[in-house]
Amino acid sequence: LKTDQFDLAERTLNKAAADRPNDPRIAVNLGTLYRTKGDFEQAISSVRKALAIDPNLIDALVSLGELEAIMGNERAASEAFEKVVEARPGNPAALIGLAKISTTKREFERALELLQKASSKARKGRVELARGELELRRYSSEEAIRQLEIAVKAMPSDPMTHALLGDALA
């Protein structure tokens, strides 16, 4: 979003939040807007407001897990993702989030199990991207390249996928 578009979206969502203070979806949308801007602390605050209204809102829990992971708060991220998996065992975003955390902890077998569970429901390329990251950390360049090439084909406009493939090829 351009700055003027962001400002308009923020004003619109804040007005909607004032008009409907008990609608958690508005707070989740504000969180998404702040995340897009790169204001992760404000995004977390907005998502937490949504969860204060509805502690079981799956979109908010997934968003909180992703944001906490971005901020390096693995424990908080894991807790949010685990709540999602408890409520919706096959949720691909939560399973992939948990797999990424397991990968950073070098718990590769657990990460692979989680990615396997996510593979049937995840959007094409997401599991392969996470698997490519895992294989890079495991120093399995050939498998990382294979997975990341699949991810690039599935998500050609995703810069992270291209960057990781470049790392794997280097």
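## An all-helix chain, starting from H8

Helix H8 takes in residues 126-137, 12 residues in number. From first C-alpha to last, H8 reaches 17 Å, close to the 16 Å expected at 1.5 Å a residue. The model is predicted.

H8 has a set of buried residues: Val127, Glu128, Leu129, Ala130, Gly132, Leu134 and Glu135. The list holds two glutamates, Glu128 and Glu135. The cover over these buried residues includes H6, helix H7 (108-119), helix H9 (141-154) and H10. After H8 comes tyrosine 139, with a positive phi near 60°.

### The chain as a whole

How many helices and strands does the chain have? There are 10 helices and 0 strands. Read from the N terminus, the order of elements is α-α-α-α-α-α-α-α-α-α.

The chain has 170 residues, and a compact globule with that number would have a radius of gyration near 15 Å. The chain has 17 Å, which agrees with that figure. Along the principal axes, the C-alpha atoms fill a box of roughly 55 × 35 × 25 Å.

Of the 170 residues, 42% count as buried. The exposed area is about 9700 Å², and carbon and sulfur atoms supply 50% of it. Among contacts with a separation of 6 or more, 40% join residues 24 or more positions apart.

Charge comes next. The chain carries 26 positive and 26 negative side chains. The centres of the two sets lie 2 Å apart.

### Helix H4

Helix H4 covers residues 58-70. Its 13 residues should span 18 Å at 1.5 Å a residue, and the end C-alpha atoms are 18 Å apart, so the two agree.

Buried in H4 are Ile58, Ala60, Leu61, Val62, Ser63, Leu64, Gly65, Leu67 and Glu68. In an α-helix there are 3.6 residues a turn, so residues three or four places apart point the same way. What covers the buried residues of H4? The cover includes helix H2 (24-37), helix H3 (40-53), helix H5 (74-87) and helix H6 (92-104). H6 is thus named as cover for H4, and H6 is also named for H8. Just after H4, glycine 72 has a positive phi of about 85°.

### Five residues in detail

The table gives the place and relative accessibility of five residues.

| Residue | Place | Relative accessibility | Class |
|---|---|---|---|
| Leucine 13 | helix H1 (residues 3-19) | 18% | buried |
| Serine 78 | helix H5 | 15% | buried |
| Asparagine 91 | loop between H5 and H6 | 15% | buried |
| Threonine 161 | helix H10 (residues 159-169) | 0% | buried |
| Alanine 163 | helix H10 | 41% | partly exposed |

Take leucine 13 in H1. Beyond its neighbours within four places in sequence, leucine 13 is in contact with Ile26, Asn29, Leu30 and Leu33. One of these partners has a listed C-alpha distance: leucine 13 and asparagine 29 are separated by 7.6 Å, with their positions 16 residues apart along the chain.

Serine 78 sits in H5. Is serine 78 buried or exposed? Serine 78 is buried, because its relative accessible area is 15% and the cut-off is under 20%. Leaving aside neighbours within four places in sequence, serine 78 touches Leu98 and Ile101.

Asparagine 91 belongs to the loop between H5 and H6. Its relative accessibility of 15% makes it buried. Not counting residues up to four places away in sequence, asparagine 91 touches Ile58, Val62 and Val84. Ile58 and Val62 also appear among the buried residues of H4. Isoleucine 53 is 38 residues from asparagine 91 along the chain, and their C-alpha atoms are 22 Å apart.Threonine 161 and alanine 163 close the set. Threonine 161 lies in H10 and is buried at 0% relative accessible area. Outside its neighbours within four places in sequence, threonine 161 is in contact with Leu129, Leu148, Ala151, Val152 and Met155. Leu129 is one of the buried residues of H8. Alanine 163, also in H10, is partly exposed at 41%. The C-alpha atoms of alanine 163 and leucine 148 are separated by 9.7 Å, and the two residues are 15 apart along the chain.

How values were computed
Residues numbered from 1 in each chain as written. Predicted model: local features only at pLDDT ≥ 70, side-chain atom pairs only at ≥ 80, totals over all residues. Heavy atoms only, no water. Helix = DSSP H or I, 4+ residues; strand = E, 2+ residues; numbered from the N terminus. Expected span 1.5 Å × (residues − 1). Buried < 20%, exposed > 50% of the residue type's maximum accessible area, 1.4 Å probe, protein only. Contact = heavy atoms within 4.5 Å. Rg over C-alpha atoms; globule rule 2.2 N^0.38 Å. Areas by Shrake-Rupley, 256 points an atom, 1.4 Å probe, with all protein chains shown as cover. Lys, Arg positive; Asp, Glu negative; His and termini not counted. Charge placed at Lys NZ, Arg CZ, Asp CG, Glu CD.
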